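Hi,

Here is the structure I promised to pass on. Have a look through it first, and my notes follow underneath.

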Amino acid sequence: MIRTVPTTPFDDQKPGTSGLRKKVPHFQQPNYVENFVQSIFDSLENFAGKTLVIGGDGRYFNREVIQVALKMAAANGFGRVLVGRGGILSTPAASHVIRKFRAFGGIILSASHNPGGPTEDFGIKYNIGNGGPAPEKYTNAIYARSREITEYRILEAPDVDLDVIGTTMLGQMQVEVIDPVADYAALMETLFDFDAIRAAFAGGFRMAFDAMSAVTGPYATEILENRLGAPRGTVRNGTPLPDFGGHHPDPNLVHARDLHDTMMAADAPDFGAASDGDGDRNLIIGRGIFVTPSDSLALLAANAHLAPGYAAGLKGIARSMPTSAAADRVAEALGIGIYETPTGWKFFGNLLDAGLATICGEESAGTGSDHVREKDGLWAVLLWLNILALRKQSVRDIVEAHWAEHGRNYYARHDYEAIETAAANDLVAALRDRLPDLPGQEVAGLTIAAADDFAYLDPVDGSSSAHQGIRVLFEGGSRAVFRLSGTGTSGATLRVYLERFEPDPARHGLATAEALAEVIAAAEALAGIRARTGRTQPDVIT
Ligand code: VG1
Ligand code: CO
């Protein structure tokens, strides 16, 4: 029986950079999940009888929300739902399943790199039929609907058994529990030279992959160990846990410290990698060398033709605005387009659909291509493996040769987490007010060439997005960018992105902090971070 349940709106269901993210107890308030899911359905049209994909990163509360979403999909008239076994689908795998089965859309349950558990984070995101995160016109409509919702519809039925592959009926709706790994693994085989990678492992190539007790474990084990022949144990922390073992499933040098230490040791493997809670991010470390995500994007773009899926070359490269300009130099060298978008994967979808870009990336350890419409952690790892297997050089040699050819973009991001929201807003507002006066000024020995509040005009659909980050460009190509996070769940997080371009190979061996010292000082002088936030240093440097 379908029940129509009266409800009252919540005023805080505005999706952020990547869906709605809150603490679990917040989501557990009566009707909180139901309101948001109904708001998604209410803002969509013509989905009666169509297919929806549902899956999540396996974190605490995943199964409960999947049951609610299934019963609400049935009550709202979907014809079929594909759901990953155990409620599991990595974000890129969900994107692929939406595309492969030509689904109407998908609901992905994840708070990505944020911690999980009864008092930690949860999230809900809607993806459209191209497999990508809903663009702003959808998320704005969902939010508007959530402000005026008065009722939701749900089927009264027993829970669906999510642990058995097969098809059952939920009212009039078919529920297919699918293998979460199979379709994705098959896709990877079409893109990369599995024979070459297999030969490398057989020849003694060693790798460490840290799945961080998150969703990528089963995918990495199947692809790296079962299909590519990497020795058992190559995948560490490969079993997804609802609380990620109490860790932040964030693949950076702070939270993936063990992997970092492994890779800096004298007997380090040839290649180290990690992925995040929902499997869309990647961390790349060679023996003794960390590769910044911005450099990784540039290197992957420059070498992608070595993989069968990209042998025909790239149509273009897209990067988020705060990502370093290393990829721009590759695009220039290849004679292809480069696109600069606001932060968040939802802005890449149109460029990929229109065939303007083939590879996209963000400084936050997200890289991907037109094979799906999400960033894809394991994809980046496999492309690296493909390149390493064919070039037969170390990560360090490949990276240093790249710098010698294109110059080096020294880069770091400083995060100030859980600061007071008002202080964070004031800091950005004060910078914004000063923008017109900044050009020509000298700060900490650097001269400001230009400064603006980044706005994006989508070249495909003409939509615009303002206030996407304060950019301060210095003479000589250095840059500081300031923006507030749209994925945090407590207070505000200030992100300061710092970059310096160094063309001279004789100066490519500096420590990042040393190379960026002037830009860091200039950023502090401009924004007054210490005085405004009370913090003397960032919580996380990536
Ligand atoms: C962060 C990153 C951004 C990324 C987003 C979602 O957003 O900076 O690059 O697209 O997370 O990634 P923000 O607004 O907190 O800076 V994930 O892996 O959390 O889905
Ligand atoms: Co993620």
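A quick definition before anything else: a residue counts as buried when its relative accessible area is under 20%. By that cut-off, 58% of the 542 residues in the protein chain are buried. Do keep in mind that this is a predicted model.

On the overall fold, the protein chain contains 18 helices and 27 strands. Its C-alpha trace spans about 70 × 60 × 40 Å along the principal axes. The radius of gyration is 23 Å, which agrees with the value near 24 Å that a compact globule of 542 residues would have. Of the contacts with a separation of 6 or more, 72% are between residues 24 or more positions apart.

The bit I think you'll like is the metal site. The cobalt ion (ligand 2) has four protein donors, Ser112 (OG), Asp276 (OD), Asp278 (OD) and Asp280 (OD), at 2.0 to 2.1 Å. Along the chain they follow the spacing S-x163-D-x1-D-x1-D. Ser112 sits in the loop between strand 5 (105-109) and strand 6 (121-127), while Asp280 is in the loop between strand 12 (271-275) and strand 13 (282-286), so this pair ties together parts 168 residues apart in sequence. Are these two buried or exposed? Ser112 is buried, with a relative accessible area of 2%, and Asp280 is buried too, at 2%.

As for the outside, the accessible surface of the protein chain is about 19800 Å², and carbon and sulfur atoms make up 49% of that. There are 49 positive and 66 negative side chains, with the centres of the two sets 2 Å apart.

Cheers

Definitions and conventions. Residues are numbered from 1 along each chain as its sequence is written. Chains are lettered from A and ligands numbered from 1 in the order in which they are written. This is a predicted model: local features need pLDDT of at least 70, side-chain atom pairs count only at pLDDT 80 or more; totals for chains, interfaces and linings use all residues. Side-chain values use heavy atoms; hydrogens and water are left out. Donors are N, O and S atoms within 2.8 Å of the metal (3.2 Å for Na, K and Ca); water is not among the atoms, so sites may look incomplete. Helices (H or I, at least four residues) and strands (E, at least two) are DSSP runs, numbered from the N terminus. Buried means under 20% relative accessible area, exposed over 50%, partly exposed in between (1.4 Å probe, protein chains only). The radius of gyration is taken over C-alpha atoms; the globule rule is 2.2 Å times the number of residues to the power 0.38. Contact means heavy atoms within 4.5 Å. Accessible areas come from the Shrake-Rupley method with a 1.4 Å probe; for residues, only the protein chains shown count as cover. Lys and Arg count as positive and Asp and Glu as negative; His and the chain ends are not counted. The place of a charge is taken as NZ of Lys, CZ of Arg, CG of Asp or CD of Glu.
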